[in-house]
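Please look over the sequence and the model together before reading on. The paragraphs below are meant to be followed with the structure in view.

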Amino acid sequence: LIITKREKYMEAFGKIGFMLALAFIVPTIALVLSRFLQPRFNTASKEQTAIENVLIDANDLAILKLLQQNARITVKEISGIIHLSTTPVHERIKRMEQAGIIKQYVTLLDYRKVKKGLMVICYVSLKEHNKSAGVKFIKAVNELNEVIECYNISGEFDFMLKVVCEDMDSYYHFHVNKLSQLENMGNVQSVFVMGVIKETIQVVW
């Protein structure tokens, strides 16, 4: 009888211990999971945009807007416009450069004044559609100076090229002796630009 009561007490204490362990372990597991599963950045409470794990706030956007309009603007000038001291402005620019948000600084030219007044949009389709053929075409296009932009597109054609030349004769030479000679070329459709209505590189406004 004594042994039986002892066993019952041990069983009761075991159940209590198990329940206490669960009471401690379950909240702990829930807390750990919540930390892993919650979003990295709480964008709902902050007016920031996450771009490749880099937070862009209102001051960063103001800096980018100014740099898009004039890449030669000084840190001091930016500081005066956005009302932020020069050191934070400089640090923000460097951070965005390192993150690849600012890719490069360039000079925009007037096509006509450098004898590239003819602009043509070329739609290109390839004969074979496989990875190897696509890679070869892309490599070849990147070596053509006349092609200043190239896009992989959906629909009837595979690529859209933006080509600039001096005149019709130079474009004819490019089309016949360069573009059409590329391996795996299928159909090419040329659309001549009659006039530029809007042309901008500004993506932050």
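What follows is a walk through a predicted model, going from helix packing to charged pairs and then to individual loop residues.

A convenient place to begin is the pair of helices α2 and α4. Helix α2, which spans residues 58-69, packs against α4 at an angle of about 80°, and the two axes lie 10 Å apart. Because angles of 65 to 115 degrees count as roughly perpendicular, that value makes α2 roughly perpendicular to α4. On the α2 side the residues that meet the partner helix are Asn59, Asp60, Ile63, Leu64 and Leu67, while α4 contributes Val89, Arg92, Ile93, Arg95 and Met96.

Charged side chains can be taken up next, since a search of the whole structure finds nine salt bridges. One of them, between lysine 94 and glutamate 97, has an N to O distance of 3.6 Å, and both residues belong to helix α4, where they stand three residues apart, about one turn of the helix. Both partners are partly exposed, lysine 94 with a relative accessible area of 39% and glutamate 97 with one of 27%. Another salt bridge joins the side chains of arginine 112 and aspartate 110 at 3.5 Å, N to O; here arginine 112 is exposed, at 65% relative accessible area, whereas aspartate 110 counts as partly exposed at 30%.

A further salt bridge brings together the side chains of lysine 136 and glutamate 183, at 3.8 Å from N to O. Lysine 136 sits in helix α5 (residues 131-142) and glutamate 183 in the loop between α6 and β6, so this pair ties together parts that are 47 residues apart in sequence. Lysine 136 is partly exposed, with a relative accessible area of 46%, and glutamate 183 is exposed, with 58%. Elsewhere, salt bridges that share partners join Asp57, Asp60, Arg92 and Arg95 into one network; of these residues, Asp60, Arg92 and Arg95 also appear among those that meet where α2 and α4 pack.

What, then, surrounds a charged residue such as aspartate 158, which is buried yet has no salt bridge? This residue lies in the loop between β4 (147-152) and β5 (159-165), and the nearest side chain of opposite charge, that of lysine 127, is 12 Å away. A polar atom of the aspartate 158 side chain does, however, lie 2.7 Å from the backbone nitrogen of leucine 126. Leaving aside neighbours within four places in sequence, aspartate 158 is in contact with Val124, Ser125, Leu126, His129, Tyr151, Asn152 and Ile153.

Aspartate 167 is placed in the loop between β5 and α6, and at 32% relative accessibility it counts as partly exposed. Its side chain reaches the backbone nitrogen of aspartate 169 at 3.2 Å. Aspartate 167 and lysine 116 are 51 residues apart in sequence, although their C-alpha atoms are 7.5 Å apart in space.

Two loop residues remain, and their backbone geometry deserves attention. Histidine 83 has a positive phi of about 60° although it is not a glycine; its place is in the loop between α3 (75-82) and α4 (86-98), and it is exposed, with a relative accessible area of 71%. Asparagine 184, likewise not a glycine, has a positive phi of about 75° and is found in the loop between α6 (168-177) and β6 (185-192), but asparagine 184 is buried, with a relative accessible area of 15%.

Methods:
Residues are numbered from 1 along each chain as its sequence is written. This is a predicted model: local features need pLDDT of at least 70, side-chain atom pairs count only at pLDDT 80 or more; totals for chains, interfaces and linings use all residues. Side-chain values use heavy atoms; hydrogens and water are left out. Helices (H or I, at least four residues) and strands (E, at least two) are DSSP runs, numbered from the N terminus. Buried means under 20% relative accessible area, exposed over 50%, partly exposed in between (1.4 Å probe, protein chains only). Lys and Arg count as positive and Asp and Glu as negative; His and the chain ends are not counted. A salt bridge is a side-chain nitrogen of Lys or Arg within 4 Å of a carboxyl oxygen of Asp or Glu. A polar contact is a pair of N or O atoms within 3.5 Å; within protein, one must be able to donate a hydrogen and the other to accept it, and residues adjacent in sequence count only if both atoms are side-chain atoms. Contact means heavy atoms within 4.5 Å. Axes are lines fitted to C-alpha atoms, for helices over the stretch in contact, and angles run from 0 to 180 degrees between N-to-C directions. Angles under 35 degrees count as roughly parallel, over 145 as roughly antiparallel, 65 to 115 as roughly perpendicular and the rest as oblique.
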